[in-house]
Every structure is written in structure tokens, then in C-alpha cells.
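Q: Please take a close look at the contacts between charged side chains in this model. Then work outward from there in one connected account.

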Amino acid sequence: MMCSDLATSCENSRDTSNIVSIIIPVYNELNTIYAMHSIWRIWSAQPQVELIFVDGGSQDGSESLLTELGFKVIRSDKGRAAQMNLGAQHTQGSLLWFIHADTFFKTPELAVTHLLQRTARVMIEQKSCYFWGFTQVSIESTNASVRQKLCFFCIAVLINLRSSLTKVSTGDQCQFFSKALFDKLGGFAPIPLLEDVCIAKQARYHTKPLVLRIKARTSGRRWLQQGIIKTVILMWRIRFLYWQGVSPDKLQKMYTSER
């Protein structure tokens, strides 16, 4: 990007720097919508938030329910990367925040305020509109036993430690990007799995990530459904094979067959 282009991009970012575009990909999340819609309403009521849902062809009525609840919904082909990229194309804000449907914050309005304050400080101090980052994470489930909750706590600690050391995050950690950097990176890679890891690895070479101390609370449902130990082994195996150069298409088949 030429210097003049960068200046224009940063100027445009400042014009909309007080708007957070929250993009939530959805696919067959009817039960999640019933559980989460009151939290999403807190965000949609904030003037500095633009909330966009991207439905990947749900067959359980997710799109219809979101529309009935008054949320903005965009139709997309199935695939988290494709859904998030399409959502990013329909945003007005200069700050893109990608959040999974089953992830929430204890105080949603304060999470937005904290994000805006941190990113505004970076733009002023570093004089750059290129920034990105993620939150810390905790894994939650009301149906978990005491032993399972302890396992979730340990897993979350390791996830937060790993991401802080490697500067590589996952989608459960609510990745955010300035629109300028996201566009420069070309968005999420059109791959069926690990698009979050891929873009984080690209972004860290441009600038050090911001790690928000607020914790995103993500659902432990997949861990409980598949078994905690089995899920941990599967995810680490997939990450290792990806590091070894195995294609995301092959990893997706393995991920689907072993779930």
C-alpha cells in the first residue's frame, strides 16, 4: 500500500473509529439464539455498535428467528470464513469484531467500551490504523460437573497462555481487526478450517496483537458432547498437522469424522 493510500485509509478509519461492527456467523443456532438474544440486544442498543448476523443456510429457522427479533441478517454460503468475509463487506465501522454465536461477555456494554478505548489509544500512540487483537477466554457450561468445570478452567488457562506467547489466537477469543488491516490481509482465507489461526499468523507479522483482559465466555457444549479429553487431543492433533503442512481440506474431513 502506498503512503498516500495508507493516509487515506487511516483518515477514513478515524471518521468511523467510534463504530464497532460486530459480525456473528450463524448456522443452525436456534437454541443459541433463544439463549443469547437478550445479550445481543444490549449491543444493538448501543449507538457505537453495528451488529450483523451472517446465516450460512440454516435449516432450523435461525435466520427467520433473528429477523423476527429485529436483527440485521445477511444470507451467505455455508462456511465460517465465507460468512465472516461477507459480513465484513457490509459493515460501516472501521473496527471489525468477529464473535461466535455461543460466546458472550458478562458485561457486553463494558466490553465494547474497553475495546474502543484500547484501539483508540493504539491509533494515537502508534500513529497507525493497522491493529488487531483478541480477548482472553473462559469456557462455561451450566451442565458441567465440578470436575468438568475444573478441566474447563485449566484448558482456558492454557489457551490464554499459548496465545499470549505465540501471538496466535482462535475464533473463540473474539478476534478483532481494524478494517484497514483486515482488507490488507484479504480477509479470512477461504479454507474450511483454521481460518482463524491462519489470519492470526498473517496479522502478527504486521503488528503485535492487543490482548484484551476482559474474558470472552464461550460455551463448553462441544467439549461435553464429544468428551473433554477426546476434544483436546483432536484439536491439538489438528493444530500439529496444520503446522506440518497438512491441507485444511484434509483436516476438515478428519475433524468431521472424529467428532
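A: Glu 63 counts as partly exposed because its relative accessible area is 21%; the classes are buried under 20%, exposed over 50% and partly exposed in between, using a 1.4 Å probe and protein chains only. Before going on, please note that this is a predicted model, in which local features need pLDDT of at least 70 and side-chain atom pairs count only at pLDDT 80 or more, while totals for chains, interfaces and linings use all residues. Residues are numbered from 1 along each chain as its sequence is written, and side-chain values use heavy atoms, with hydrogens and water left out.

The partner of Glu 63 is Arg 75, and the closest N and O atoms of this salt bridge are 2.6 Å apart. The two ends come from distant parts of the chain, twelve residues apart, with Arg 75 in strand 3 (residues 72–75) and Glu 63 in helix 3 (residues 62–68). Helices (H or I, at least four residues) and strands (E, at least two) are DSSP runs, numbered from the N terminus. Arg 75 counts as exposed because its relative accessibility is 65%.

Searching the whole structure turns up six salt bridges, each defined as a side-chain nitrogen of Lys or Arg within 4 Å of a carboxyl oxygen of Asp or Glu. Another of them brings together the side chains of Arg 221 and Glu 29, at 2.9 Å from N to O. This pair also links distant parts of the chain, 192 residues apart: Arg 221 sits in helix 9, and Glu 29 in the loop between strand 1 (20–26) and helix 2. Glu 29 is classed as buried because its relative accessibility is 14%, whereas Arg 221, at 32%, is partly exposed.

Arg 221 has a further partner in Asp 102, with 3.2 Å between N and O. Here the separation along the chain is 119 residues, from Arg 221 in helix 9 to Asp 102 in the loop between strand 4 (95–98) and strand 5 (103–104). With a relative accessible area of 15%, Asp 102 is buried. Through shared partners, Glu 29, Asp 102 and Arg 221 become one network of salt bridges.

Let us follow Arg 221 into the space beside it. The second largest pocket has a lining of 16 residues, and Arg 221 is among those nearest its centre, together with Ala 35, Glu 140, Thr 142 and Ser 219. This pocket holds about 430 Å³ of space. On a 1 Å grid over the protein atoms alone, a pocket is an open set of points with protein on both sides within 12 Å along at least five of seven lines, a cavity is a set where a 1.4 Å probe fits but cannot get out, and lining residues have an atom within 4 Å of a point. At least two lining residues of the pocket come from each of helix 2 (30–44), strand 8 (210–219) and helix 9 (221–226), with helix 2 giving the most, four residues. By class, the pocket lining has eight polar residues, four nonpolar and four charged.

Now for the enclosed spaces. The whole structure has two cavities of 30 Å³ or more, and the second largest contains about 30 Å³. Its lining is made of Arg 80, Met 84, Phe 98, His 100, Gly 171, Gln 175 and Phe 188.

Gln 175 of that lining leads along the chain to Cys 174, in the loop between helix 6 and strand 7. Cys 174 has a phi near 55°, positive although the residue is not glycine, and it counts as buried because its relative accessibility is 0%. That loop between helix 6 and strand 7 (176–178) also holds Lys 167. Its phi is positive too, near 65°, again in a residue other than glycine. Lys 167 is partly exposed, with a relative accessible area of 26%.

Helix 6 itself (residues 146–166) contains Leu 150, which counts as exposed at 53% relative accessibility. Leu 150, Phe 153 and Val 157 make a nonpolar surface patch of about 310 Å².

Technical notes:
Grid points are joined across faces, edges and corners, and a volume is the space filled by probe spheres set on the points. Ala, Val, Leu, Ile, Met, Phe, Trp, Tyr, Cys and Pro count as nonpolar, Asp, Glu, Lys and Arg as charged, and the others, Gly among them, as polar. Patches are made of residues with over 30% relative accessible area and no salt bridge: like charges are joined within 9 Å, nonpolar side chains (Val, Leu, Ile, Met, Phe, Trp, Tyr) within 5 Å. Accessible areas come from the Shrake-Rupley method with a 1.4 Å probe; for residues, only the protein chains shown count as cover.
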